[in-house]
Amino acid sequence: MAKCKVKIGIIGGTGLDDPDILENRKETSVTTPFGNPSDVLIEGKIDGVDCVLLARHGRKHTIKPSSVNYRANIWALKEVGCTHVLASTACGSLREEIKPGDFVLLGSFIDRTTSRVQTFYDGAPNSPPGVCHIPMEPAYCPFMPKLVSESAQALKLKIHPGVTCVVIEGPRYSSLAESKMYRFLGGDVINMTNIPEVVLAKEAGLCYAAIGLITDYDCWRDTGNKVCVDEVMHTFKSNVQNLIALLKHVIPVIANEEWDKVIESLKESVKSSVMLPS
Ligand code: ADE
């Protein structure tokens with residue numbers, strides 16, 4: 001059987017909105033039943049692989065985490081034919097051994113968001129019909145993380161696979177008591193954007209992996225800095241070239257794998273999760 005053609009959506013988080021990573025760029029505007037995505041999509045290639053870059057917070061970083069149109073973003077990537085999504089995200093660390101500058105691969109999440117729509121199947125006239133009870137284990141693609149880890153190792157970058165991410169509503173950072181509670185609950189890292197992005201990617205039948213770049217230790221430690229915007233932006237900017245190198249290394253590796261069965265089973269999972277009106 002011929003290999004399915006891979007097209008990879010790259011969702012650029014805080015600090016990764018650099019279209020220069022793509023060759024032969026063209027801009028594509030997409031409108032969706034859920035409104036407009038955060039920005040135009042930038043289509044192009046990395047090492048011959050079709051990719052689409054989307055800046056989660058807009059190219060000028062003007063959209064706050066709660067106001068990102070996650071549904072439009074994921075729908076638009078699906079609409080232009082993406083099979084995979086590699087999402088980058090700045091994260092705080094809740095563990096001593098996960099250090100600023102390290103990378104993580106999200107393996108599960110604890111949802112602490114409060115005001116975000118988490119489904120395409122919302123009963124509105126232009127939405128897909130039915131109610132979708134999508135399973136969240138596995139929430140993330142179980143296959144891409146191994147490839148990303150191997151690429152990170154080849155580039156001598158420190159990466160922690162299978163971490164649990166606490167996703168908070170923001171835009172404020174956590175209080176000391178919250179930060180300590182999240183550690184106690186089993187959170188390894190913390191951010192503000194992975195929910196509902198991962199949920200919607202699963203509803204859309206996309207292979208979705210999230211690569212976190214650790215920017216800070218949040219505020220739970222007795223010593224050291226407490227998280228602030230300057231620290232997050234500074235650590236991200238100092239390490240963004242590593243993230244770009246990692247994406248450029250892993251994307252041709254992903255494109256070289258056989259994904260038909262994985263994509264088929266994601267589609268099946270969505271189909272069997274939708275309850276249609278009887
Ligand atoms: N993004 C980066 N660092 C963070 C933190 N400490 N809390 C929430 N989101 C973050």
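Here are some short exercises on rings, a ligand and the backbone, each with a worked solution.

Before you start: this is a predicted model, where local features need pLDDT of at least 70, side-chain atom pairs count only at pLDDT 80 or more, and totals for chains, interfaces and linings use all residues. Residues are numbered from 1 along each chain as its sequence is written, and side-chain values use heavy atoms, with hydrogens and water left out.

**Exercise 1. Work out how the rings of F34 and F120 are arranged, and where the two residues sit.**

Step 1: get the rule straight. Rings of Phe, Tyr and Trp (its six-membered ring) pair if their centres lie within 6.5 Å; planes under 30 degrees apart count as stacked, over 60 as edge-to-face and the rest as tilted. A search of the whole structure turns up five aromatic pairs.

Step 2: apply it. The ring centres of F34 and F120 are 5.3 Å apart and the planes are at 50 degrees, so this pair is tilted.

Step 3: find them on the chain. F34 is in the loop between strand 2 (23-28) and strand 3 (41-46), while F120 is in the loop between strand 6 (103-112) and strand 7 (131-132), so the pair links parts of the chain 86 residues apart. Strands here are DSSP runs of E with at least two residues, helices are runs of H or I with at least four, and both are numbered from the N terminus.

Step 4: look for company. Ring pairs link F34 and F120 with W75 into a cluster.

**Exercise 2. Classify the pair Y217 and W220, then say whether each residue is buried or exposed.**

Step 1: with centres 6.1 Å apart and planes at 85 degrees, the pair is edge-to-face.

Step 2: check the cover. Buried means under 20% relative accessible area, exposed over 50%, and partly exposed in between (1.4 Å probe, protein chains only). Y217 has 10% relative accessibility, so Y217 is buried. W220 has 8%, so W220 is buried too.

Step 3: look for charges over the rings (NZ of Lys or CZ of Arg within 6 Å of the ring centre and within 35 degrees of the ring normal). R183 lies over the face of W220, 3.8 Å from the ring centre. The charged end of R221 sits over the ring of Y217, 3.9 Å from its centre.

**Exercise 3. Find which strand gives the most to the shell around the ligand, and list polar contacts of the ligand.**

Step 1: shell residues have a heavy atom within 4 Å of the ligand. Among them are A90, C91, G92, Y173 and D216.

Step 2: strand 5 gives the most, with three residues.

Step 3: check the contacts (N or O atoms within 3.5 Å; within protein, one must be able to donate a hydrogen and the other to accept it, and residues adjacent in sequence count only if both atoms are side-chain atoms). A polar side-chain atom of D216 is 2.7 Å from a ligand nitrogen atom. A backbone N or O atom of G92 lies 3.2 Å from a nitrogen atom of the ligand, and one of A90 lies 3.4 Å from a ligand nitrogen atom.

**Exercise 4. Where are P171 and H61, and what does the backbone do there?**

Step 1: recall the usual picture. Most residues other than glycine have a negative phi, and most peptide bonds are trans.

Step 2: take P171. It is in the loop between strand 8 (159-168) and helix 3 (176-185). A cis peptide bond joins G170 and P171, with omega about 0 degrees.

Step 3: take H61. H61 is in the loop between strand 4 (49-55) and helix 1 (70-79), and its phi is near 55 degrees, a positive value.
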